[in-house]
Amino acid sequence: MPLAARAGYPTYWQVIGDGPRPAIALHCSLAHGGALHGLLEPLSDVLSTTAIDQPGHGRSGDWPGGRPFQEAMVEILHDFVAGAEGPVDLIGHSFGGTCCLRVAAEATQQVRSLTLIEPPFYAALRAVGAPEMALQDRLDAPFAEALARGDFEAAARGFFQAWGSGLPWETLPPDQQRYMVDRIPLIEGAGHALNADLGGLLEPGRLEAVDIPVLLVRGTFSPPSIPAIERVLAERLPRAETAVIEGAGHMVPITHPERVAGILRGFLSRT
């Protein structure tokens, strides 16, 4: 699919699968829609999934700035949801999951199910004073400090160490390292929404009104905030269920795609 304006942003997307159920998938920060191909391809008989490249990622246009990054991404998602033929299955990884959660809360009647893979919704922990947030802040500090002083390579290294696949930075191909270094400034814009709850999702009754099936997926080696965030969300989302992938970390849909796909297939069969 060539670039086309969605909610005013030059956006690239690809459709994976030709199943009867329309779905929309959103990748994590510093990745692109194609990174979820290994997860979505095994579900191609069930889902017809639109995998979107976020602004500034993949083959979408550059991020122009000027407003909160998550606000723009949520508008793009709403545009795709409104144009779908019937209610959609939303699938989001990491930051992409936080955007999908907002859309599910804002357009529940248009969403058939919601799958959140390792959503770093820090505001949920800060709101309840969870101790895991202090540990996460310490782990995030190296890349946050490097980003603040404009050392983008050090910031990308630190980010990959905290939120990557668990492999050393040096194992990445040079072009992948450069891709992440070039886009690491986008993390600052995305991070504001994770801490500030721009969508007001934590207001009383807001998550409780998301009365659709929700699947929360994480790995056993996730960053410390993730299990705590999923506990908070599972307590408030009325139809939530959880799944844990043994031996996986934050990049579980990329490192263990077939296992996640198998869990997702079972979840979809029950919705």
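A salt bridge is taken here as a side-chain nitrogen of Lys or Arg within 4 Å of a carboxyl oxygen of Asp or Glu. The legends below describe close-up views of a predicted model.

**View 1. Arg157 and Glu170 form a salt bridge.** The closest N and O atoms of Arg157 and Glu170 are 2.8 Å apart. The pair links distant parts of the chain, with Arg157 in helix 6 (residues 152–163) and Glu170 in the loop between helix 6 and helix 7 (174–183), 13 residues apart. Arg157 is partly exposed, at a relative accessible area of 33%. Glu170 is exposed, and its relative accessible area is 54%. Side chains of opposite charge can pair when their charged atoms come close.

**View 2. A salt bridge joins Asp79 and Arg6.** The N to O distance between these two side chains is 2.9 Å. Distant parts of the chain are linked by the pair: Asp79 belongs to helix 2 (residues 69–83) and Arg6 to strand 1 (residues 4–6), with their positions 73 residues apart in the numbering. Asp79 counts as partly exposed, because its relative accessibility is 27%. Arg6 has a relative accessible area of 16% and is therefore buried.

**View 3. Arg21 and Asp89 form a salt bridge between two strands.** The closest N and O atoms lie 2.9 Å apart. Arg21 is in strand 4 (residues 21–26) and Asp89 is in strand 6 (residues 88–93), so named parts of the chain that are distant, 68 residues apart, are linked by this pair. Arg21 and Asp89 are both buried.

**View 4. Glu71, Arg102 and Glu106 share a network of salt bridges.** Three residues, Glu71, Arg102 and Glu106, are linked in this network. A search of the whole structure finds 15 salt bridges.

**View 5. Cys28 and Cys100 are shown with Cys99, the cysteine whose sulfur is closest to each.** The structure holds 0 disulfides. A disulfide would require two cysteine sulfur atoms within 2.5 Å. The sulfur of Cys28 is 12 Å from that of Cys99, its closest cysteine sulfur, which is too far for a bond. For Cys100 the closest cysteine sulfur is also in Cys99, and the distance of 6.9 Å is too far for a bond. Cys28 is buried, with a relative accessible area of 4%. Cys100 is buried as well, with a relative accessible area of 0%.

**View 6. His27 is buried in the loop between strand 4 and helix 1 (37–40).** The relative accessibility of His27 is 1%, and His27 therefore counts as buried. Leaving aside residues up to four places away in sequence, His27 touches His32, Gly33, Leu36, Ile52, Asp53, Gln54, His57, His93 and Gly96.

**View 7. Ala7 and Leu30 have positive phi values although neither is a glycine.** Phi of Ala7 is about 55°. Ala7 lies in the loop between strand 1 and strand 2 (9–11), and it is partly exposed at 32% relative accessibility. Phi of Leu30 is near 70°. Leu30 is placed in the loop between strand 4 and helix 1, where Leu30 is buried with a relative accessible area of 7%.

**View 8. Strand 8 (residues 214–219) and strand 9 (residues 240–245) pair in the parallel sense.** The pairing runs over 6 bridges. Among the bridge partners, Leu216 is matched with Thr242 in strand 9. From strand 8 the chain passes through helix 9 (residues 225–236) to strand 9, and this β-α-β crossover is right-handed.

**View 9. Helix 7 contains buried residues that are covered in part by helix 6 and helix 8 (186–196).** The buried residues in helix 7 include Gln177, Tyr179, Met180, Val181 and Arg183. Helix 6 and helix 8 are included in what covers the buried residues of this helix.

**View 10. Helix 11 (residues 257–269) has a span close to the expected value.** This helix has 13 residues and reaches 18 Å from its first C-alpha to its last, close to the 18 Å expected at 1.5 Å a residue. Its buried residues are Pro257, Val260, Ala261, Leu264, Gly266, Phe267 and Leu268. An α-helix has 3.6 residues a turn, so residues three or four places apart point the same way.

Definitions and conventions. Residues are numbered from 1 along each chain as its sequence is written. This is a predicted model: local features need pLDDT of at least 70, side-chain atom pairs count only at pLDDT 80 or more; totals for chains, interfaces and linings use all residues. Side-chain values use heavy atoms; hydrogens and water are left out. Helices (H or I, at least four residues) and strands (E, at least two) are DSSP runs, numbered from the N terminus. Buried means under 20% relative accessible area, exposed over 50%, partly exposed in between (1.4 Å probe, protein chains only). The expected span of a helix is 1.5 Å times one less than its number of residues. Contact means heavy atoms within 4.5 Å. Two strands pair if DSSP finds at least two bridges between them. A crossover is right-handed if, with the strands pointing away from the viewer, the path from the first strand over the helix to the second runs clockwise.
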